[in-house]
Amino acid sequence: MRKLRKLFVMGVLLLIANTTLAQSKLVKGKVSDAIDGSPIAGATIIAKGTTVATVTEPDGTFEFSVPSSVSTLVISFIGFTTLELPVTADLDNIRLEASQSALSEVVVVGFGTKIKKDLTGNIARVKGEEIAYTPVANFNQALQGRAAGVFVESNSGRVGEGVKVRVRGSGSISASNSPLYVIDGIPIAESANSGSSLPDINFNDVESFEILKDASAAAIYGSRAANGVVLITTKQGKAGATRINVNAQYGFNKPTNNREFLNAQQYVELFREAAINADNIDGINPLDPDEYEDSWLEYVENRFTRYSGWSDWRNRETNTNWEKLAYNDKSRTKIVDVNAQGGNDKTRFYISGSVSDQDGILINNFFQRVSGRVNVDHEVSKKVNIGVNFGLTRTKTNRITLDNGFQNPLQMIALAPITPTHDQNGNLYNTPVTTYYNGLLEIDNVKRSSVNFRNLGNVYLNYKIIDHLVFKTELGLDIQNQTDNYYGGPLSLTGASINGFGSADWYKSVNYNTNNYFNYNKTFGSSHDLDLTAGMSFQKYESERAWVEGQDFPVNELNRLASAGEITGGSSTGTQRSFLSYFARAGYKFADKYLLNLSGRIDGSSAFGLDSRYGFFPAVSAGWILSNENFLADSKALSFLKLRASWGLTGNADGFGDFAHLGLWAGAKYNGTSGLTPTQLPNPLLKWEKSDQYDIGVDFGFFGNRITGELDYYNRLTRDLIYNVPIPGTSGFTTQTLNIGSMSNKGVELVINANIITGKAFSWTTGVNISYNRNKIEKLDGDQKKIPGNDGRYLNSLIVGESIGVFYGPKYAGVDPANGDALWYQEDGKTTTNDYNEAGDFVVGNPNPDYIAGFNNTVKFKGFDLAFLFQGVFGNQIQNGAGGFMSTGADWFDNQTIDQLRRWQKPGDITDVPQARFYYSNGTGASSRYVYDGTYIRLKTLTLGYSLPRSITDRLKMSSIRAYVAGVNLLTFTKYPGWDPEVNSDYRAGNRNQGGDFYSAPQIKSVTFGLTLGF
């Protein structure tokens, strides 16, 4: 009986098994990227019409059983177009195409990633491929015009130097206004001992830039995020065959614009006229031989004789174009990039090397960068993943002096055109033959170089604790070693009277950071998605500097300080600061329609006193995907619609020194004995600048998301502004660092992207972004309403109710037609005066733009590709601080701009240029006369390329061959009469001091020819 039971049970089990096998079937295959064939790990495979699904392994393979009734599989992965295939198809070679919809892109956020359509904050994304091989030194220059609300402005056209970046306006009057830069999770130092350290980054190694603009997106970085955050993700290896890419470029550089100054004939005529006019004012008739000896005209003509050297100014034997001599007419760009990536399902790598050599447009200015990168990711087991990202860079910059220095090549433009460059023996002229220092002497008599070695990298470990829960720990290092060497020979400005001058400056900084955090990501049922992040971060920054200088060198060839006859000075300094942080974020999505995100960060900084050392920075945001609601499901035109809103609090703890809260002392000597002297008043109550920001936005898509866009309104209020406030001199000090006021930024941003034509043979994509921002100082110290800034050349001021740095000073009223006097408005704004000291003060300009915009297009036809970007800045003004020298109507011997020829000459003349009066300062004071419209539109980049067809490259055993020509700053449309409207004179550039021009070099216009090879 028992045997019969056993046989019966076994029979039933076999029947069930056979029935089950008959009702299901085994399906297996492999999913790869259609472009490069690399396997796609984590792709979802669903048996259509059921809930049976699986995901691909790291090598792209999958295997699972599906009901026998299933005839179709649905294959999907973030960033790729969903594909449906019959079960009977060849599943071993499934290729997914990259999605054309930006809504499916994976966006990097702080300590994680998200799909763009699930974002509730505002993050602008720029792909590395969009700016790859752009021939500029600083990646911020390549980002210009590509992201809404991000204002990028190069100080001048000097290569490898500073670039100003503002995300949604300026939020501080004296602390940093620059965003936080984070590379592969590690916050980096933006500044170096001299110049900017950002050109150290080879942006051809970058996969993407994510710019966190609103507080909800940025608050996870807390005290560092008030000015926005730029997340930079470098390229990683992909499993599959090793792919090698080589890019080579060679190009030509020139200035975007040349100004027109007086030639020798015009110079002599204008200055003689000015001298005669001055003599007439003094009551001296210069035509009377008895009084000619003491006239201004005789003085001017005697100077002409001196400035003419060996030539005869009366016969105009010399007509030197000093502006042309300031430029390097052989300026070139040479770039070579090589990278390789590949790996298998366990180990993936990306390796690159690059050499960039870019000449500046000014003599003696060049930038060189040699860089290498190794990124490796290795799967130790199903639970453990380790990796390293390491970059090493050496840059060398041959710098020139700041804009206001006589050694600056463009300062030569002030020299008289009647002056020859050389004497008859072939030696360069200098003062007293030249009006000022002859900058050509810098070429052979001065060496000014800055060499920086930078190690930037991190190591990380990911540990999968359980399904959906991962712990990540990483340690990052950013090490800089910079050496600046200067030598000025006996003929130079600095070494003329001391037989040569030299200096050496050494700088080292070590910035290390560790992040340790948990990520939990799980879907519950079919409607609930939960994403949690929690962790801590610690960062410490240390720097040291030592310098020494000497004089009296035997020969120019021995120009290091070891050869100096006398060491005249030296010193060393050191500083440090640290941050300790704890952060958490929770994201929840319900039914793929309702989104909620909460985040908070606690930051502690050594830059503040014990009572104010820690700050809490929370944020909340929500989104509603209306297009997934039933009432919009049948819309034919509307593909995507999401409303979102956010609020958050972020901080600012950079840019005002490391010890502003402390009382500081310095060493001193008295009567031969060392001692201490106080140098700074303490302020133990000094606290964070805090920015309170809310953002309301809508994301939309039309016609199958062929047209997508964003519209945002934001309002940011920054409180407790840090400022060095003047205090009574009886205290023994002049200033104290205090929290004094508040400033706001309100604006609107619009982004529209469209895939106009999506065919394989011909495609056309376009995008436009436009941003409006209104900056306003809401409060200063106590009842103080304004801090004027007329320093004799510039008018940048701080005024409650106005934007930071507005131009506030005399308002030019033109020229008196009766006598040629310059006129200004008095305080009532109606009556005029010819006395500059009686002029009233008015807001006469604003260096902050009202609007910024970008317009890009990419067109592809068979093997040809054309991409171009127009970038524009609207509504700002620029003050030419050099106007009181170069546009004075011959007030002194500086050469004049050509517009001075339309000066007033006789009663009844209607003009805006006063009568030329030598040494009489007729209208030369800082005023609205030298404030101009700074609006411009520029063809920022243009690239035309051709890729050989696959049939040819296959025969050559290559994957791709592309030749191209690329241009930067090719066309500029502006009414600004200066060299270039993109300017912010470097010797005084700052939060308040903006929009200034002082013999500042124009931007570089370049055309490069390139060849890219793929193996």
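The chain has 10 helices and 52 strands. Helices (H or I, at least four residues) and strands (E, at least two) are DSSP runs, numbered from the N terminus. This is a predicted model, where local features need pLDDT of at least 70, side-chain atom pairs count only at pLDDT 80 or more, and totals for chains, interfaces and linings use all residues. Residues are numbered from 1 along each chain as its sequence is written, and side-chain values use heavy atoms, with hydrogens and water left out.

Start with the whole chain. Its C-alpha atoms fill a box of roughly 150 × 70 × 65 Å, taken along the principal axes. The radius of gyration is 33 Å, which agrees with the value near 31 Å for a compact globule of 1015 residues. That radius is taken over C-alpha atoms, and the globule rule is 2.2 Å times the number of residues to the power 0.38. Of the 1015 residues, 52% count as buried. Buried means under 20% relative accessible area, exposed means over 50%, and partly exposed lies in between (1.4 Å probe, protein chains only). The chain exposes about 43,600 Å², and carbon and sulfur atoms supply 56% of this area. Accessible areas come from the Shrake-Rupley method with a 1.4 Å probe; for residues, only the protein chains shown count as cover.

Contacts tell another part of the story. A contact means heavy atoms within 4.5 Å. Among contacts in the chain with a separation of 6 or more, 68% are between residues 24 or more positions apart.

Next come the domains. The chain is divided into domain 1 (24–99) and domain 2 (107–238). These bounds come from an automatic or database domain assignment. The C-alpha centres of domain 1 and domain 2 lie 36 Å apart.

Now turn to a helix. Helix α6 covers residues 296–307, and its end C-alpha atoms are 16 Å apart. That agrees with the 16 Å expected for 12 residues at 1.5 Å a residue. The expected span is 1.5 Å times one less than the number of residues. The buried residues of α6 are Leu 297, Glu 298, Val 300, Glu 301, Arg 303, Phe 304 and Tyr 307. Their cover includes α5 (264–281). Just after α6, Gly 309 takes a positive phi of about 60°.

The strands come next. Strands of a sheet pair through backbone hydrogen bonds, either parallel or antiparallel. Here, two strands pair if DSSP finds at least two bridges between them. Strands β30 (residues 664–670) and β31 (residues 673–680) pair in the antiparallel sense over 7 bridges. Tyr 670 has Thr 673 in β31 as its bridge partner. The hairpin of β30 and β31 has 2 residues between the strands, and Asn 671 takes a positive phi near 55° there.

Further along, an open sheet of 3 strands has the order β41-β42-β43, with antiparallel pairing. Its edge strands, β41 (812–815) and β43 (832–833), each pair on one side only. Strand β42 (residues 822–825) is joined to β43 by 2 bridges. Trp 824 has Thr 833 in β43 as its bridge partner.

Strand β49 (residues 936–947) pairs with β46 (residues 864–874) in the antiparallel sense over 10 bridges. Gln 871 is matched with Arg 938 in β49. Strand β49 is also joined to β50 (residues 960–974) by 11 bridges, again antiparallel. Thr 941 stands opposite Val 968 in β50.

Finally, look at three single residues. Arg 448 sits in strand β22 (residues 446–466). Arg 448 counts as buried because its relative accessible area is 18%. Leaving aside neighbours within four places in sequence, its contacts include Thr 397, Arg 399, Glu 442 and Tyr 486.

Leu 798 lies in strand β39 (residues 796–799). Its relative accessibility is 0%, so Leu 798 counts as buried. Not counting residues up to four places away in sequence, Leu 798 touches residues including Ile 173, Tyr 723, Ile 804 and Arg 992. The C-alpha atoms of Leu 798 and Asp 692 are separated by 21 Å, and these residues are 106 residues apart along the chain.

Thr 758 belongs to strand β36 (residues 742–758). Its relative accessibility is 46%, so Thr 758 counts as partly exposed. Leaving aside neighbours within four places in sequence, Thr 758 is in contact with Arg 706 and Ser 763. Thr 758 and Arg 706 are 52 residues apart in sequence and 8.9 Å apart in space, C-alpha to C-alpha.
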